[in-house]
Every structure is written in structure tokens, then in C-alpha cells.
Amino acid sequence: MASTSAHGEGAELGRYLRARRTQTSPAHVGLTPGAGTRRTPGLRREELATLAGISIDYYVRLERGKETRPSPAVLDALARALRMDDQEHQHLCELAARAARYVAEPPPAPSRTVRPHLKLLLESLRPNPAYVISRSMDLLAWNPGGLALYAGLEDWPAKHRNLARYLFLHPAARDLFLDWDRQITACVARLRATAGTAPDAPDLTNLVGELLLKSPDFAGLWERYEVTGRKPAHKTFHHPQVGALTLASQSLHIEGTPGQRIGVYTAEPGSPDHDALLLLDMTAAETRCGTRQLDIRAQDARRRRPSSEGEPGSAV
């Protein structure tokens, strides 16, 4: 059964326009607010329509999802009127392109498979923490420091490890980042931008639905519909094992994958931050080796243990 229609995609375009309109003050676009109390925040529909040079009726149809084929000229005019930056403008155009076509079925979740050579690459980057994440911020592969840097994340099952889920739901996240508010704002903006162009993708809808239900902070930021949260060039972590360390961050798209990215943190060799990375990598690697040894011993014990029917074990 079809789950998405052009009207549904138009609704997403309308939601974005409404969010941007209600968060744009008249003063920001050069208007002088009239006398009296404004019943709604931001610009009125008629003010935005006038600024963009389109009819009020046409704009209302856009915002209500009933008009799904705005021309490039109209989109450019709305972007100028709302003072959108390049990323916001591009997102508006992508939503309009989706609204103009019918999507019969929601797309399948992208593969979580990470190519073997990428895992080798992560190991070669040690002691720099590095990992591969999906478009919905699932942690798919990592080196020792890449997992250990997010304190407490290793306590979650591998399939549950997601950086957005960690930021909003893990109790250690607020202590790890003193600028937690800034981190979550950038995180939601990134998810909004991705989900806006793939609103029915199960990997995104499942995560967003969970966070809307479990985190009021996420729900409030999601409602704002911001898509330009910028990742800082440096992040400061207050790690319970190695103390405070400030690292340069870099995220790179992996060609030929369904939105996978590799994230890497670095520090200047010889600096206290780099020494902290060496300690983190060494400690995490020792923990990983210890866990593997325990797993091997447990498997060996299971092989040796007699079956429930009293038959001898497979090998002694």
C-alpha cells in the first residue's frame, strides 16, 4: 500500500516554510511591526507573501501542502524573503522537488554493512578515535578510542549505539560535553536535514519517533525545524577516564555507501591532548582484549559442558 503521496510531501514543505516564517522577526527582514499585539510569533503569512512577491492565497496553499509545484523563481523569492542561508535554501529546494513527485513506497533502510578495508582504516588511525556512522547516526564500526571517547556508550548493545540517542538519552552525555546544548542543537539540525528529504525511511522515522517520545529536549528542537546546525571544528570532552581533552573533528562522506560517514578526532602530537588520546586508546584496547578473552573462555566452557540430557560435551 502506498504510504506517501504528493500531498504528504507538500505537507513537509509547508511545515518547513511555517517553521521558518514563525521564527523570522519582522525587524530581521526590515519590516516595522504595526501597533498592537501580534497573535503569532514571527512574520504573518501576508507579510511573507508580500516580501516574496506572490499572492497570499498561493502562499497559504503552499504552507498547507495543497500546492506542490512551486517554481524555482518562487522558491528563490521565499528564500530571499526569509533570509535563508545556502544550506536552508538547498533544503527548501529538495523538499519542493520531493513534493512535486509521487513516492509509491517508503525506501528500505540502508545497509549497515561496513566494508572490511574501512575497518582496517579505522585501526590504522589509532590512537586517533575514529568510527563509521550511518546517515541516522548509528555507530557501525569503530576503533578502540572511537567507542571509548563517548563514555558509557560501550554499555549499550552494539545495535543500540547511536550518537543522537547517546546525546539525548545516555546519562553520561551531559557530563561529557559542557556545551551539551550546542551539541544537541547541531545534532537535531543534521537529522532534520536528512529526514526532510527521506521522511519515510524506517531508519530515520524509528529513531525520530523514539526520541520524540523519550526526550522533551529533542521534541522542542525538532519542532523548530532548523537544518543548519554547524558542527564545531573542535570539541572538548570531559572524560571520566582521561580528563578534559580538546580535539579537532573531521567528518567525511564515504563514496559508494548509503550515506555512511567516517568521523575522526585528532590532537597535535606531543600535546597533553594527544597524551590523553594515547591513554584512552591503550585503556580501551586492553578492555577490548580482556572482553575477547572472556568470550573465548565462555565459548570453551560451553563446548566442554555436558548437554542437558546427560550426554558428554563435544570435546575435552
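Helix α4 is followed by Arg 83, a residue whose phi is positive, near 55 degrees. This value comes from a predicted model, as do the other values in this section. Arg 83 has its positive phi although it is not a glycine, and it is found in the loop between α4 and α5 (86–99). Because its relative accessibility is 44%, Arg 83 counts as partly exposed. The preceding helix, α4, spans residues 72–81, and its buried residues are Val 74, Leu 75, Ala 77, Leu 78, Ala 79 and Ala 81.

A positive phi of about 55 degrees is also found at Tyr 225, which is not a glycine. Tyr 225 lies in the loop between α12 and β3. With a relative accessible area of 1%, Tyr 225 is buried. Another feature of the backbone concerns the peptide bond that joins Arg 126 and Pro 127, which is cis, with an omega of about 10 degrees. Pro 127 is located in the loop between α6 (116–124) and β1 (130–133).

Aromatic contacts were examined next. A search of the whole structure finds 12 aromatic pairs. In one of them, Tyr 16 and Tyr 225 are tilted, with 4.8 Å from centre to centre and 55 degrees between the planes. This pair links distant parts of the chain, since Tyr 16 belongs to helix α1 (residues 6–22) and Tyr 225 to the loop between α12 (216–224) and β3 (234–239), 209 residues apart. Tyr 16 and Tyr 225 are both buried. For Phe 177 and Phe 237, the ring centres are 5.1 Å apart and the planes stand at 50 degrees, so this pair is tilted. The pair of Phe 177 and Phe 237 likewise links distant parts of the chain: Phe 177 is in the loop between α9 (173–176) and α10 (180–197), whereas Phe 237 is in strand β3, 60 residues apart. Phe 177 is buried, its relative accessible area being 2%, and Phe 237 counts as buried because its relative accessibility is 0%. Phe 177 and Phe 237 are members of one aromatic cluster, together with Tyr 131, Tyr 150, Trp 156, Tyr 166 and Tyr 265.

Aromatic rings also meet charged side chains. Arg 174 lies over the face of Trp 180, at 3.6 Å from the ring centre. In a second case, the charged end of Arg 192 sits over the ring of Trp 222, 4.0 Å from its centre.

Strand β3, which holds Phe 237, pairs with strand β4 (residues 243–253) in the antiparallel sense over six bridges. A hairpin joins β3 to β4 through three residues, and the bridge partner of His 239 in β4 is Gly 243. On β4, six bridges also lead to strand β5 (residues 261–266), and these two strands run antiparallel. Here the bridge partner of Leu 252 in β5 is Ile 262.

The interior was also searched for enclosed space. The structure holds one cavity of 30 Å³ or more, and the largest cavity has a volume of about 40 Å³. Its lining consists of Thr 185, Val 188, Ala 189, Leu 221 and Glu 226. Helix α10 supplies the largest share of this lining, three residues. By character, the residues of the lining divide into three nonpolar, one polar and one charged.

Key
Residues numbered from 1 in each chain as written. Predicted model: local features only at pLDDT ≥ 70, side-chain atom pairs only at ≥ 80, totals over all residues. Heavy atoms only, no water. Phe/Tyr/Trp six-rings, centres within 6.5 Å; stacked < 30°, edge-to-face > 60°. Helix = DSSP H or I, 4+ residues; strand = E, 2+ residues; numbered from the N terminus. Buried < 20%, exposed > 50% of the residue type's maximum accessible area, 1.4 Å probe, protein only. Lys NZ or Arg CZ within 6 Å of the ring centre and 35° of its normal. 1 Å grid on protein atoms, 1.4 Å probe; cavity = no way out; pocket = protein on both sides within 12 Å on 5 of 7 lines; lining within 4 Å. Points joined across faces, edges and corners; volume = space filled by probe spheres on them. Nonpolar A, V, L, I, M, F, W, Y, C, P; charged D, E, K, R; others polar. Pairing = 2+ DSSP bridges.
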